[in-house]
Amino acid sequence: MAEFEKKQNNDNKRRSDRPRKPREDRRPREAEEFEKRMVDVRSVQKTVKGGRILSFSALCVIGDKKGRVGIGIGKARETVNAIEKGFNEAKKNLITVPMSGTTIPHAISLKYGASHITLLPAQPGTGVIAGGSARSVLELAGIKDITSKNHGSSNKINTVRATYEALKALKTKEEVAALRGKSVEEI
C-alpha cells in the first residue's frame, strides 16, 4: 500500500517542480531573418443562399531592413490563418530595393488603383516621413531617410501596393547607364 501512495504522490507532483533534463535533439531557435508587420486585418462577408459566410483578409509586410521587402495578402476563415497566409505570400514576393546610402537613388511617382504615391530622396537625418501604411513598407525595406506623399485614395491595400511597385521600379545609376549605352561617369 505504501508503494502505491508513493507512486501517486510522484504523479501528483507538478511538472514545474521536477528538474528539467536538457534534450539533445532540440535545436536552439534561430533568430528570424525577416521582421514582420501586419498592416491591416479586416473581416469580409460573402452572402450565399443560407446566409453570410465570414472570413478575414490580412495585409502583411516583411523585410530585413537591409534592402529586401515583400508584401502579401492572406484570406481565411480564422484571423490567425489569414495572417500566416499573408506572411507566406509576402516571402514569395520579396524584392531588393536599390539604395544610395540611407535613401533612394531618385524621386519616383507611381499610381496603383486610385492611390498615387510620390517618393522623394531626403538628406541623412531626415527620417521616414510617410503615412501609416507606406511607412511600414519603407521602414522594413531599410530606408531611413525619405519623404513620401500619398494622393488620392487612402485605401491601405492600394497604398502599400503603390509603395511596393514604386520601390520595385527604382533604378541604380549603373542600370540607367546600361540602358542608355553609356558609362556611369557620362551620366
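**Why the labels fit: helices, sheet and cores**

Modeller: The crossing of α3 and α4 is right-handed. Bear in mind that this is a predicted model.

Colleague: What angle and what distance between axes go with the packing of α3 and α4?

Modeller: α3 (residues 132-141) and α4 (residues 156-169) pack at about 35°, and their axes are 8 Å apart.

Colleague: Which residues make that contact?

Modeller: From α3 you get S133, A134, V137, L138 and A141, and from α4 come K156, T159, V160, T163 and L167. Contact here means heavy atoms within 4.5 Å. By class, that makes six nonpolar, three polar and one charged residues.

Colleague: On to the sheet. What makes β5 and β7 edge strands?

Modeller: Each of them, β5 (108-112) and β7 (128-129), pairs on one side only. The open sheet has four strands in the order β5-β6-β8-β7, with mixed pairing.

Colleague: How do you know that β5 and β6 pair?

Modeller: Pairing takes at least two bridges. Five bridges join β5 to β6 (residues 115-121), so the two count as paired, and they run antiparallel. For one bridge you can look up, Y112 has S115 in β6 as its partner. α4 comes back here too: this helix packs on the sheet, touching β5, β6 and β8 (146-152), and its direction makes about 135° with that of β5.

Colleague: Why is S148 called buried?

Modeller: The cut-off is under 20% relative accessible area. S148 has 13%, so it falls on the buried side. This serine belongs to strand β8. Leaving out residues up to four places away in sequence, S148 touches T118, L119, I129, A130, G131 and L138.

Colleague: L119 turns up there. What else does L119 touch?

Modeller: With the same sequence neighbours left out, its contacts include I104, H106, A107, I108, L138, I146, A166 and L167. L119 is also among the residues with the most contacts inside the largest nonpolar core, as are V61, V69, V97, L138, I143 and L167.

Colleague: How many residues does that core have, and which element gives the most?

Modeller: The core has 28 residues, and α4 gives the most, with six. The other elements that give two or more are β2 (51-63), β3 (68-76), β5, β6 and α3. In soluble globular proteins, nonpolar side chains tend to be buried together. There's also a second, separate core of ten residues, including A58, I62, A76 and I83.

Colleague: How do you know that β2 and β3 pair?

Modeller: Eight bridges join β2 to β3, against the at least two that pairing needs, so they pair; they run antiparallel. I62, for instance, stands opposite G70 in β3.

Colleague: And what joins β3 to β4?

Modeller: Two bridges join β3 to β4 (residues 95-96), again antiparallel. At least two is the requirement, so this pair passes as well. R68 stands opposite T96 in β4.

Colleague: What lies between β2 and β3?

Modeller: Four residues separate the two strands of this hairpin, and K65 sits in the turn. Phi of K65 is near 60°, a positive value in a residue other than glycine.

Colleague: Why is K65 called partly exposed?

Modeller: Buried is under 20% and exposed is over 50%, with partly exposed in between. K65 comes out at 38%, so partly exposed is the label.

How values were computed:
Residues are numbered from 1 along each chain as its sequence is written. This is a predicted model: local features need pLDDT of at least 70, side-chain atom pairs count only at pLDDT 80 or more; totals for chains, interfaces and linings use all residues. Side-chain values use heavy atoms; hydrogens and water are left out. Axes are lines fitted to C-alpha atoms, for helices over the stretch in contact, and angles run from 0 to 180 degrees between N-to-C directions. A crossing is left-handed if the near helix is turned anticlockwise from the far one by less than a right angle, and right-handed if clockwise. Ala, Val, Leu, Ile, Met, Phe, Trp, Tyr, Cys and Pro count as nonpolar, Asp, Glu, Lys and Arg as charged, and the others, Gly among them, as polar. Buried means under 20% relative accessible area, exposed over 50%, partly exposed in between (1.4 Å probe, protein chains only). A nonpolar core is a set of buried Ala, Val, Leu, Ile, Met, Phe, Trp, Tyr and Cys residues joined through side-chain atoms within 4.5 Å.
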